[in-house]
Structures are given as C-alpha cells and as structure tokens.
Amino acid sequence: MIDGYSDGTFKPDNQVTYGAALKLIMLAAGYDEQKPVNSNVFSGYLARAQADGLVSGSVNLNAPITRLAVSQIAAKAMGLSISNLSSVRPFTDTTDPYVQALNAAGIVEGYFSNGTSTFKPYNTLTRGQISAIVWRMEQASKPGKQQRTAEAVRCSLLYKSTAEN
C-alpha cells in the first residue's frame, strides 16, 4: 500500500503529508481509490473525507499531518465508537476521545518516560509511523469481520496476544 521512492528507497524518517496520510488511512479502512477532483492527486480523498465527516474545515494536503489529526481521521474511518470509553485516560497530554478509542483498539501508541505516558498530539508523523498505523488498521479490520467498538477490538487483540504466549 505504501510505495517507496523511484530510487528504490523507502525513507521511513521522512515526514508524511496530510494528503498522503489521508489516502493511506482511507484505503486501510476499506474506502475505494478516489480520483482527484482538482490538480492535487489527493483531492478526491479530501472531498470524500469531508463528505463522510472524517475531516472538516480547510486542509493543506501538502503540509505535514499531526498525530492528533491521523487519530481522529482513522478512528472515524474505522467507525470506532467513542462512547463508553474507559474513564482512565491513557495519556496525560490529550483527552481526545478519538485518540483514546484508537489506543484502546491497539492502533496508536504513546511515549512512556519517567512514569508518564504521553501522546504528543501535535507532533507530525513519519512514513515509518504511518506505515505502522496503517498496518494495525488493516489487521484490526480483516475482511469478513463486522465493524467493532474500540473495546471489542482491544479485547480481541488482548486475547490474541495471550493465546499466542
């Protein structure tokens, strides 16, 4: 799903743009390819995302995307419920319910340092980081499975990890 550069490299530490992340997230969530509606190759994805309520407002498709924006788009695209989330917040630097739902589903992780777990919601993402998120999204929504709540996904991931040990 994620291609490398024409010189055969992947460059996992390069920042990913909003447009590229939007396309990857939507494809991982089961959306079809979207044709551009203007000169930007990702414009069709933005038009569809806005129509479906995944994104609102003005967006610069060529700018880097934040961890918060990726989490909000991905959770909405996957149809994760933000109801009945645990009252225990996984991160000290955000209370965003979409981040919490995606974390409960095992799709995004945070940073742990000195006994504190943070998400760093306004940091941008690299190609390597978006690749990991997209891979986890695909694993959580394999064909033939119904849409699940974040809690159901988290439980199934926990069961799988304990069953493999």
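The buried residues of helix H2 pack against helix H1. This is a predicted model, and H2 is a good place to enter it. The helix covers residues 43-51. Its buried residues are Ser43, Gly44, Tyr45, Leu46 and Ala49. Just past the end of H2 comes Gly53, with a positive phi of about 80°.

Now look at how the two helices meet. The axes of H1 and H2 are 9 Å apart, and the helices pack at an angle of about 60°. An angle of 60° is neither under 35 degrees nor in the range from 65 to 115. H1 and H2 are therefore oblique to each other. Their crossing is left-handed. On the H1 side, the contact is made by Leu22, Lys23, Met26 and Leu27. H2 contributes Tyr45, Leu46, Arg48 and Ala49. Of these residues, six are nonpolar, none is polar and two are charged. Tyr45, Leu46 and Ala49 of H2 are buried, and these three also belong to the contact with H1.

H1 has a second partner. H1 spans residues 18-28, and helix H3 spans residues 67-78. The axes of H1 and H3 come within 10 Å and cross at roughly 25°. Angles under 35 degrees count as roughly parallel, so H1 is roughly parallel to H3. The crossing of H1 and H3 is right-handed. H1 brings Tyr18, Ala21, Leu22 and Ile25 to this contact. From H3 come Ala69, Val70, Ile73, Ala74 and Ala77. By class, the contact of H1 with H3 has nine nonpolar residues, no polar ones and no charged ones.

The spacing along the helices follows a general rule. An α-helix has 3.6 residues a turn, so residues three or four places apart point the same way. On H1, Leu22 is listed in the contact with H3. Leu22 is also listed in the contact with H2.

Beyond H3 a loop leads to helix H4, which covers residues 97-104. Asn84 sits in this loop. Asn84 has a positive phi of about 60°, although it is not a glycine. The residue is exposed, with a relative accessible area of 79%.

Next comes Gln100, which lies in helix H4. Its relative accessibility is 6%, so Gln100 counts as buried. What does Gln100 touch, leaving out residues up to four places away in sequence? The list is Leu85, Ser86, Val88, Arg89 and Pro90.

The loop between H3 and H4 also holds Phe91. Phe91 forms an aromatic pair with Phe119. The count of such pairs comes to one. The ring centres are 5.1 Å apart, and the planes stand at 45° to each other, a tilted arrangement. Phe119 lies in the loop between strand E2 and helix H5, so the pair ties together parts that are 28 residues apart in sequence. Are these two rings in buried or exposed residues? Both Phe91 and Phe119 are buried.

Lys120 is in the loop between E2 and H5 too. That loop runs between strand E2, at 116-118, and helix H5, at 127-140. Lys120 has a positive phi of about 55° and is not a glycine. With a relative accessible area of 35%, Lys120 is partly exposed.

Note on methods
Residues are numbered from 1 along each chain as its sequence is written. This is a predicted model: local features need pLDDT of at least 70, side-chain atom pairs count only at pLDDT 80 or more; totals for chains, interfaces and linings use all residues. Side-chain values use heavy atoms; hydrogens and water are left out. Axes are lines fitted to C-alpha atoms, for helices over the stretch in contact, and angles run from 0 to 180 degrees between N-to-C directions. Helices (H or I, at least four residues) and strands (E, at least two) are DSSP runs, numbered from the N terminus. Angles under 35 degrees count as roughly parallel, over 145 as roughly antiparallel, 65 to 115 as roughly perpendicular and the rest as oblique. A crossing is left-handed if the near helix is turned anticlockwise from the far one by less than a right angle, and right-handed if clockwise. Contact means heavy atoms within 4.5 Å. Ala, Val, Leu, Ile, Met, Phe, Trp, Tyr, Cys and Pro count as nonpolar, Asp, Glu, Lys and Arg as charged, and the others, Gly among them, as polar. Buried means under 20% relative accessible area, exposed over 50%, partly exposed in between (1.4 Å probe, protein chains only). Rings of Phe, Tyr and Trp (its six-membered ring) pair if their centres lie within 6.5 Å; planes under 30 degrees apart count as stacked, over 60 as edge-to-face and the rest as tilted.
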